[in-house]
Amino acid sequence: MTTLTDPPSESFRLSMLIYDTRYRAITFQIIALICFLLFFGWLISNTAQNLADLGKEPSFGFLMEPAGYDINQRLIDYNNQDSHLRAAFVGLLNTLLVAFLGCVTATVVGVIVGVLRLSNNWLISRLMAVYVEMFRNVPVLMWIVLCMAILIESLPAPRAFRGDDAEASMKLFDTVAITNRGVYIPEPLFSRSLGDIPVGNLFNISIDLIAILIVLAIGFYVSHRIKLKADATQEATGVRPRTWYMRLGVIFVPLAALLVILGFHLGYPELSGFNFSGGTHLRNSLIALWLALSLYTAAFIAENVRAGILAISKGQTEAASALGLRPSITMRLVILPQALRVIIPPLISQYLNLTKNSSLAIAVGYMDITGTLMGITLNQTGRELETVLLGMLIYLAISLAISAVMNFYNSRVKLVER
Amino acid sequence: MSELAMDTPIDRSAMKVSDEVAIEIRNMNKWYGQFHVLRDINLTVNRGERIVIAGPSGSGKSTLIRCINRLEEHQAGQIIVDGTELTSDLKNIDKIRSEVGMCFQHFNLFPHLTILENCTLAPIWVRKVPRKEAEETAMHFLEKVKIPDQALKYPGQLSGGQQQRVAIARSLCMKPRIMLFDEPTSALDPEMIKEVLDTMIELAQEGMTMLCVTHEMGFARQVANRVIFMDQGQIVEQNEPEEFFNNPRSERTKLFLSQILGH
Ligand SMILES: Nc1ncnc2c1ncn2[C@@H]1O[C@H](COP(=O)(O)OP(=O)(O)OP(=O)(O)O)[C@@H](O)[C@H]1O
Ligand SMILES: [Mg+2]
């Protein structure tokens, strides 16, 4: 005998697959999956058949052949005898570089513009509105080309820096040269360098850099511990000790010590002949792309930030004021924690948009993954399907990685309710 | 309008009004742009007084009490709270805000913080009270408003009446000497109105100075020692509740009372 709480057992009938809510959803999902698989199976076998008929069986062997083309903006060593794979890798690093720089700049500019647009100052809020409307209503490609044109047309040529009564001069105590061929900035050099670690045979990672990162990480960790201690003191006594100088100290003092040990110094760009040598050369293509992508995306982020802050009702600020909380604390403990929850999901899609828009790099000759793998490599080898599939896979991987990181962050600031 | 349950006998003798002045408003005027919201307001509130402010919608009741803790700025005249004049001086504003508590129509609890954290936020960051002490105070007041068992929940998990009681407890945690209420029950269902009014009555019996904008005339009769009637930005009439309800002097008051009491 069964207990009273057991549901009456019902014999399974085939019609239940469609009429019973317990099985109905599963039935339809299985049918959809089968249709989907059939369609793609047909598409792939058909394509493979057609390619085989043309004598172009899908193969990724071409990646190992010498690329035979030059890439001027690159983060790792590369020459035209290296393989297509290495060229693609150079391109990938360039994509990551401009996407990273762009996301950081766009966030900073976007948050500032978004907050300023809510300002009570009529002029400032109008100016910010004009900025937002100008950038988000014109295709980003135009902005990229315009930035490039401005850089090339309006800046002095390196030869203008020559001679005793030169037309142009270097900026920031003669350390930075801004020319129509790009910007030359000082490069960090280590006279007692610890050397490099090779990663596969793809590229080398500087041990100096690793050491710096480790020291920084430890510094931030200790600084965080000091903050936790301050929190505890505040909880116990009500008074928050002043710790900002200690917190900055534990980060910067060890870092400075390490830099001295490594013999850190700057290599300055110098004019030699008709061009600059030494220092780090930021090409116009990179700067134009970075600038245009950042400013364009910042316009969208500004709108998200504005919407996020507006979404937190005025009542919250009033309640906090009525309790005597000062505006800075209200912003930090009441408004921002709630606004972030509204801002982050659209922020994720802005980062993804920026990364994907960076594929327009080819317009100004910046060799990213699209320009290398899906541009020159594709042209030289005629492997459309393989290169496009690889390219899509790479963008997909980058995008998923960005989403994963941001979603993790989002889940930590999410509002707990019911 | 709900009739207040009369089963709780109210001991009015405990509600003493002292001679000490808590709030003094002299010739206060306020404009929104061209619109003259408050005209020549003169009002003196002694410590321990329970004042109910009534009047038609748009008459400036909310604006008046929001001026008292500077959520709105007045443009002419003086407001003196506990001997401190409200000016644009931040120090004065901070001092007054920490002595004046306020409850809003829509509660305005912080949805991302637990009930307990809602109650301890201001004591910790404004009064610099150690967390443990702040939590003990918070629990004390949550017990007083009869919801200590909800302390670890979030505002979204509570009913409207419970939320308003938390809002009252949150204000009380700052140990204010004056409480302002802006229609604390008008967003609530009838059953919940009573629990909030009971809390307010208890507060009145302990001698809290209260200014309350409300349409609960039962509450006004039972608790208030003065009813103020406002219309078009002016104080038209003020009197003891019995006199106010039975012998209203101005025509506008009569009209308002006939509408709100449904005669
Ligand atoms: N920020 C503002 N800007 C312009 N006018 C306002 C503002 N706030 C309120 N007013 C106007 O001031 C007048 C008084 O508003 P207030 O909110 O004080 O009225 P109230 O008596 O509280 O009304 P209710 O009973 O509807 O809450 C109204 O006519 C309103 O339209
Ligand atoms: Mg109002």
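**Exercise 1. List the residues around ligand 1 and state which elements supply them.**

Step 1. Taking a residue as near the ligand if one of its heavy atoms lies within 4 Å of it, the shell around ligand 1 consists of Tyr32(B), Phe35(B), Val37(B), Pro56(B), Ser57(B), Gly58(B), Ser59(B), Gly60(B), Lys61(B), Ser62(B), Thr63(B) and Glu183(B). The model is predicted: local features need pLDDT of at least 70, side-chain atom pairs count only at pLDDT 80 or more, and totals for chains, interfaces and linings use all residues. Residues are numbered from 1 along each chain as its sequence is written, chains are lettered from A and ligands numbered from 1 in the order in which they are written, and side-chain values use heavy atoms, with hydrogens and water left out.

Step 2. Assign the elements, where helices (H or I, at least four residues) and strands (E, at least two) are DSSP runs numbered from the N terminus. Strand E2 (35–46) and helix H1 (61–68) of chain B each supply at least two residues of this shell. H1(B) gives the most, with three residues.

Step 3. Sort the shell by class, with Ala, Val, Leu, Ile, Met, Phe, Trp, Tyr, Cys and Pro as nonpolar, Asp, Glu, Lys and Arg as charged, and the others, Gly among them, as polar. The shell divides into four nonpolar, six polar and two charged residues.

**Exercise 2. Find polar contacts of ligand 1 with Gly58(B), Gly60(B) and Thr63(B), then give the covered share of the ligand.**

Step 1. For a ligand, a polar contact is a pair of N or O atoms within 3.5 Å. A polar backbone atom of Gly58(B) is 2.8 Å from a ligand oxygen, and a backbone N or O atom of Gly60(B) is 3.0 Å from a ligand oxygen.

Step 2. Thr63(B) takes part through its side chain, with a polar atom 2.4 Å from an oxygen of ligand 1.

Step 3. On its own, ligand 1 has 640 Å² of accessible area (Shrake-Rupley method, 1.4 Å probe), of which the protein covers 58%.

**Exercise 3. Describe the sheet E1-E2-E9 of chain A and explain why E1(A) and E9(A) each have a side without a neighbour.**

Step 1. Strands pair if DSSP finds at least two bridges between them. The open sheet has three strands in the order E1-E2-E9, paired antiparallel.

Step 2. Strand E1 (177–179) and strand E9 (280–282) of chain A are at the edges with a single partner strand each, so one side of each has no neighbour in the sheet. The twist averages 15° from one strand to the next.

Step 3. Three bridges link E1(A) to strand E2 (residues 182–185) of chain A; Ile178(A) has Val183(A) as its bridge partner.

Step 4. Helix H9 (residues 284–311) of chain A lies across E1, E2 and E9 of chain A (contact: heavy atoms within 4.5 Å). H9(A) runs at about 55° to E9(A); axes are lines fitted to C-alpha atoms, for helices over the stretch in contact, and angles run from 0 to 180 degrees between N-to-C directions.

**Exercise 4. Give the strand order and edges of the six-stranded sheet in chain B.**

Step 1. The order is E6-E7-E8-E3-E9-E10, in an open sheet with mixed pairing.

Step 2. Strand E6 (100–103) and strand E10 (234–239) of chain B are the edge strands, each pairing on one side only.

Step 3. Five bridges join strand E9 (residues 226–231) of chain B to E10(B), and the two run antiparallel. Within E10(B), Glu237(B) is the bridge partner of Phe229(B).

Terms used: A polar contact is a pair of N or O atoms within 3.5 Å; within protein, one must be able to donate a hydrogen and the other to accept it, and residues adjacent in sequence count only if both atoms are side-chain atoms.
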